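Student: Could we go through this structure slowly, so that I learn how each label is earned?
Tutor: Yes, let us take one label at a time and set each value against its cut-off.

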Amino acid sequence: GAPGTTYYVMAFSFDPAVTGGNLVASFDKAPPPPTAALTIAPRATAAKDGSMLLSGTYSCTNADFLSDISGQVVQTVGRTKITGFFDIFGLQCDGDVHPWQAVVTSDNGLFAGGKAASVSVVLACGLLDCAQQFAQRQVQVSRNGK
């Protein structure tokens, strides 16, 4: 709410069998809104099975409802755009910077050495609000850590 604004609260029963009682209500200051930050490392690794290991860092605060990192990686191999997705759930939203890693798999091909574009988002939700931070970067993909 905004200071100096009058708000009205209506309380009633949906149950016609309940005709009254004692209502106790309290209104408190809302908790601070969540924050979120995300980075993507400039290097990734393509594994023998065609998956990609992508990493970076994140931080978030005041999220007690939902927190995750999700993303997409696109790599052009020849004339084909290999596309993969990932999700990481249950982040620690304590304000510290934490590392993250994701194994990205694709349904339409195998990731290989070369360049790839990654788009990721971190989402942190508190009691009343959510924060999200987008990160986009081109990563250099090496084959099997080379």
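**From values to labels**

Tutor: Cys 60 and Cys 93 are joined by a disulfide, with 2.0 Å from S to S, and please keep in mind that the model is a predicted one.

Student: Why is the link of Cys 60 and Cys 93 called a disulfide?

Tutor: The name applies to a pair of cysteine sulfur atoms within 2.5 Å, and because the sulfur atoms of Cys 60 and Cys 93 are 2.0 Å apart, the pair meets that cut-off. The pair links distant parts of the chain, since Cys 60 lies in strand 3 and Cys 93 in the loop between strand 5 and strand 6, 33 residues apart. The angle about the S-S bond is -85°, and this link is left-handed.

Student: How do you know whether Cys 60 and Cys 93 are buried or exposed?

Tutor: Buried means under 20% relative accessible area. Cys 60 has 1%, so Cys 60 is buried, and Cys 93 has 18%, so Cys 93 is buried by that cut-off as well.

Student: How many disulfides does a search of the whole structure find?

Tutor: The search finds 2, and the other pair is Cys 125 with Cys 130, again with 2.0 Å from S to S. Here the angle about the S-S bond is 110°, and the link is right-handed. Counting the bonded cysteines along the chain, the pattern of the disulfides is 1-2, 3-4.

Student: What makes Cys 130 partly exposed?

Tutor: Partly exposed is the range between the buried cut-off of 20% and the exposed cut-off of 50%; Cys 130 has 42% relative accessibility and therefore falls in that range. Its partner Cys 125 has 3%, which is under 20%, so Cys 125 counts as buried.

Student: Why is Phe 12 called exposed?

Tutor: Exposed means over 50%, and Phe 12 has a relative accessible area of 52%, so the label applies. Phe 12 lies in the segment before strand 1, which spans residues 35-40. Together with Met 10 and Phe 14, Phe 12 forms a nonpolar patch on the surface, with about 470 Å² of accessible area for the three together.

Student: What makes Leu 38 buried, and which residues does Leu 38 touch?

Tutor: Leu 38, which is in strand 1, has 11% relative accessibility, and because this is under 20%, Leu 38 counts as buried. Leaving aside residues up to four places away in sequence, the residues touched by Leu 38 include Thr 57, Tyr 58, Ile 69, Trp 100 and Val 121. One of these contacts shows how sequence and space can be read side by side: Leu 38 and Ile 69 are 31 residues apart in sequence and 8.7 Å apart in space, C-alpha to C-alpha.

Student: How do you know that strand 3 pairs with strand 6?

Tutor: Two strands pair if at least two bridges are found between them; strand 3, residues 52-61, and strand 6 are joined by 7 bridges, so they pair, and they run antiparallel. In strand 6, Gln 101 is the bridge partner of Ser 55.

Student: What about strand 5 and strand 6?

Tutor: They run antiparallel and are joined by 2 bridges, so they too satisfy the condition of at least two.

Student: Why does strand 6 have a covered and an uncovered face?

Tutor: In a regular strand the side chains alternate between the two faces of the sheet. In strand 6, residues 98-106, the covered face includes Trp 100 and Val 104, while the uncovered one includes Gln 101 and Val 103.

Note on methods. Residues are numbered from 1 along each chain as its sequence is written. This is a predicted model: local features need pLDDT of at least 70, side-chain atom pairs count only at pLDDT 80 or more; totals for chains, interfaces and linings use all residues. Side-chain values use heavy atoms; hydrogens and water are left out. Patches are made of residues with over 30% relative accessible area and no salt bridge: like charges are joined within 9 Å, nonpolar side chains (Val, Leu, Ile, Met, Phe, Trp, Tyr) within 5 Å. Accessible areas come from the Shrake-Rupley method with a 1.4 Å probe; for residues, only the protein chains shown count as cover. A salt bridge is a side-chain nitrogen of Lys or Arg within 4 Å of a carboxyl oxygen of Asp or Glu. Helices (H or I, at least four residues) and strands (E, at least two) are DSSP runs, numbered from the N terminus. Buried means under 20% relative accessible area, exposed over 50%, partly exposed in between (1.4 Å probe, protein chains only). Contact means heavy atoms within 4.5 Å.
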